[in-house]
Amino acid sequence: SQITTLINHKDKPKRSDKTLQAIQRVGQAVNLAVGRFVTVGEAIANENHELKEEMSVACIEARRAGETIAQLTDVASLDHPESDSHITIFTDKTGVVKAARLLLSSVTKVLVLADRIVIKQIITSRNKVLATMEQLEKVSSFQEFVQIFSQFGNEMVEFAHLTGDRQNDLKDEKKKARMAASRAVLEKCTMMLLTASKTCLRHPDCESARINKDGVFHRMRLALEQVIEIVTDSRPNGESEMPPISIYSGIKEFKNKVEGLRENLYFLSKENLSTMLEVILEHTEDFTDSAYTSHEHREHILELSKQAKMELEQLVSVWMQAQNQKTKDLMEDLEVAILKTCQCMNELKREVHSAATSLAADLLKYHTDHMVLKALKITGVEGNLEAVAEYTCKLSEQKEQLVEMCRLLRHVSGTEPLEITCIHAEDTFQVTGPQIISAAETLALHPSSKIAKENLEVFCEAWESQLSDMSMLLREINDVFEGRRGEKRVYLSLPRPGKHNANLKALKPVKLDTEEQAKIAKLGLELHLLTSDVDSETEKWEDQENEIVQHGQGMSSMAYSMYLFTRGEGLLKTTQDLFHQAQIFATEGTKLASALHAFSDQVQDDDKPLLLLEAEKLISMCKQLQITAKASVQGKSATFTKVDACILKTRNVMTLLCQVLPLCCKLLSKNKAGNGCLKPAPPWREDRIRTGTNAHTPERRAETFGIKSLENHVTNMTFLDSK
């Protein structure tokens, strides 16, 4: 950025002192930055002897180029006669261009070499983990196992740190999702490896225990290999990665081609378009052939597939005529055909989405009680081999249903990261199901074995955790379909000149530079974690239309968009966008405080003071945030201070929100349990429950305050973003 400023400066005959000083400051700033950068590069070189020579040469070149730029921009004394012979940016602009090219080239070399070192560190760490795993597989005594597993744990922690940093550095969202999935497998398998190995040591002659252990080791090796593939951007034996094609991506590409006919009638062939539709319709057979697709969905998908073929035939007919004769009537007919074809594809997309998500919702609801897992644990402890065999068959059926659900969801996931998450979920169910079965068989053969019981518990927990993750994934897929979010929904309330603020046009939009983003990164990360906590709390409420829940969700979404701003991402592009978002956030917080006050009128006297105290705190914090966001500031430093203050105050409000939501949740669950913490007839809810003949009955009111029990424990691990 600084170099571009220097090279693009305009040569004016008159140069003010201010201009000369600015040029000199830029040159000095570049030189100092290069000096700091090179110091780090040299330190890396000293620690890595195999690349020391290359790194040192690149660092020397960068330092030399920085010094040259500083010399050429030393123009503060140009007005003095004795400096006439001094070569500067004004007398030798070519020299600045050459120095800039050398600098950028050498800096790139340093970065590439540093990246090679990071990759080497990850590969070395992976190799250590693999070597220790081989030792763990061969141990025959508990004492030896404990010693080696301790070393293995330390190596896995190191590998997790290195790969976590790498995951955060990846720009490709697809690679980031694959890395997150692989790291999640390694994290869960570490505990599985411990209990499976201990079970095998305790029962060395048990075939099911050995199968169980071998499965864990195999899965960990595959995950380690995938991490290295992502890091090195390579595939074994030079294979190219063939991404699975989903119905969504197929329809999107097909529609783009069809709509492209408006601009160019000759850029593709009719055979090309027909082939694309055939591929999409082949994928719809995954739905129509599935035993779990309802009769209504199957019929609708078949009808729409037939209609899509007819619409394309009509489009091709008009298109071919338009190529021969471009009349106004034909072009109008072509436009109608394009619109009808795209509309048909949209309806097909909507139908397959409905089929996949309704199936997923039904299956997740049906399996939420984990009855088969509970039965396996009980019959295993009883040593009832016949009953265990019966329930393992039921678990196998459940696994097939969930695998089919993941396959169908992948078609409608909407984004590549979510597609990868669906594939990961499918693999998890495919692998974990047989592992639970082998663990249950081991327990049934050794019903008094504590370690065999613990081992089954670990695998059952992994299954339950994956089901819980599927609920979150389903919400993400629905949100993408409805346009509420990409990775996570962003609450958008951007300022529009002349609408929200009469003075907005006069304000110069400002973005945070890289240094400012680095300063505020920690605060932004804290805000991100708090949004996850608030989301987890709101998801526990059965009534998602509850006023408290809706305000909480809105505030969480706004806070998340403010976190993205600290990273230079998202829909808030300038500081003015951020300040306006902070005002809307504070307004939403005030509305939540009003809802809490109204709710407190229904709370018994013992619980009321605490709730009112929290509501008053919230009002005070939101007022402070409003004042800060509206305050007028001038200058880069003052603007950054205001940004920092807005993010800090938003974080404080979110922290309070994390306390308020569980408190309300607790009062609601007391009411549901019949403890009478709420008084009857809550007037603050009347407007929201005036529907239905029994809307005013006590039973109906109790229902509106209900929350779901914590059967589905939501784990801290997420697939799309590693905390």
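Trainee: Which residue, with a positive phi, follows α7?

Mentor: This is a predicted model, in which local features need pLDDT of at least 70 and side-chain atom pairs count only at pLDDT 80 or more, while totals for chains, interfaces and linings use all residues. Residues are numbered from 1 along each chain as its sequence is written, and side-chain values use heavy atoms, with hydrogens and water left out. Helices (H or I, at least four residues) and strands (E, at least two) are DSSP runs numbered from the N terminus. Helix α7 covers residues 207-232, and the residue that follows, with phi near 55 degrees, is Asp233.

Trainee: How many helices and strands does the chain have?

Mentor: The chain holds 723 residues, and 46% of them are buried (under 20% relative accessible area with a 1.4 Å probe, protein chains only; exposed is over 50%, partly exposed in between). Of the contacts (heavy atoms within 4.5 Å) with a separation of 6 or more, 77% join residues 24 or more positions apart. The count of elements is 21 helices and 0 strands.

Trainee: What distance does α2 reach from its first C-alpha to its last?

Mentor: Helix α2 runs over residues 17-47 and has 31 residues. The expected span of a helix is 1.5 Å times one less than its number of residues, which for α2 gives 45 Å. Close to that expected value, α2 reaches 46 Å.

Trainee: Is Ser106 buried or exposed?

Mentor: Ser106 lies in helix α4, residues 93-138. Leaving aside neighbours within four places in sequence, Ser106 is in contact with Ala58, Glu61 and Ala62. Because its relative accessibility is 0%, Ser106 counts as buried.

Trainee: Which residue has its backbone nitrogen 3.3 Å from a polar atom of the Ser106 side chain?

Mentor: A polar contact is a pair of N or O atoms within 3.5 Å; within protein, one must be able to donate a hydrogen and the other to accept it, and residues adjacent in sequence count only if both atoms are side-chain atoms. At 3.3 Å from the side chain of Ser106, the backbone nitrogen belongs to Ala62.

Trainee: Which side chain is joined to that of Asn455 by a polar contact of 3.1 Å?

Mentor: Asn455 lies in helix α15 and counts as buried because its relative accessibility is 2%. Residues up to four places away in sequence aside, Asn455 touches several residues, including Met192, Thr195 and Ala439. The 3.1 Å polar contact joins the side chain of Asn455 to that of Asn212.

Trainee: Which element gives the largest share of the lining of the largest cavity?

Mentor: On a 1 Å grid over the protein atoms alone, a cavity is a set of points where a 1.4 Å probe fits but cannot get out, and lining residues have an atom within 4 Å of a point. There are 2 cavities of 30 Å³ or more, and the largest holds about 50 Å³. Two or more lining residues each come from α6, α14 and α15. The largest share, 4 residues, comes from α6.

Trainee: Where does His370, a residue with positive phi, lie?

Mentor: Most residues other than glycine have a negative phi. Phi of His370 is positive, near 55 degrees, and His370 is buried because its relative accessible area is 10%. The place of His370 is the loop between α11 (328-366) and α12 (371-382).

Key
On a 1 Å grid over the protein atoms alone, a cavity is a set of points where a 1.4 Å probe fits but cannot get out, and a pocket is an open set with protein on both sides within 12 Å along at least five of seven lines; lining residues have an atom within 4 Å of a point. Grid points are joined across faces, edges and corners, and a volume is the space filled by probe spheres set on the points.
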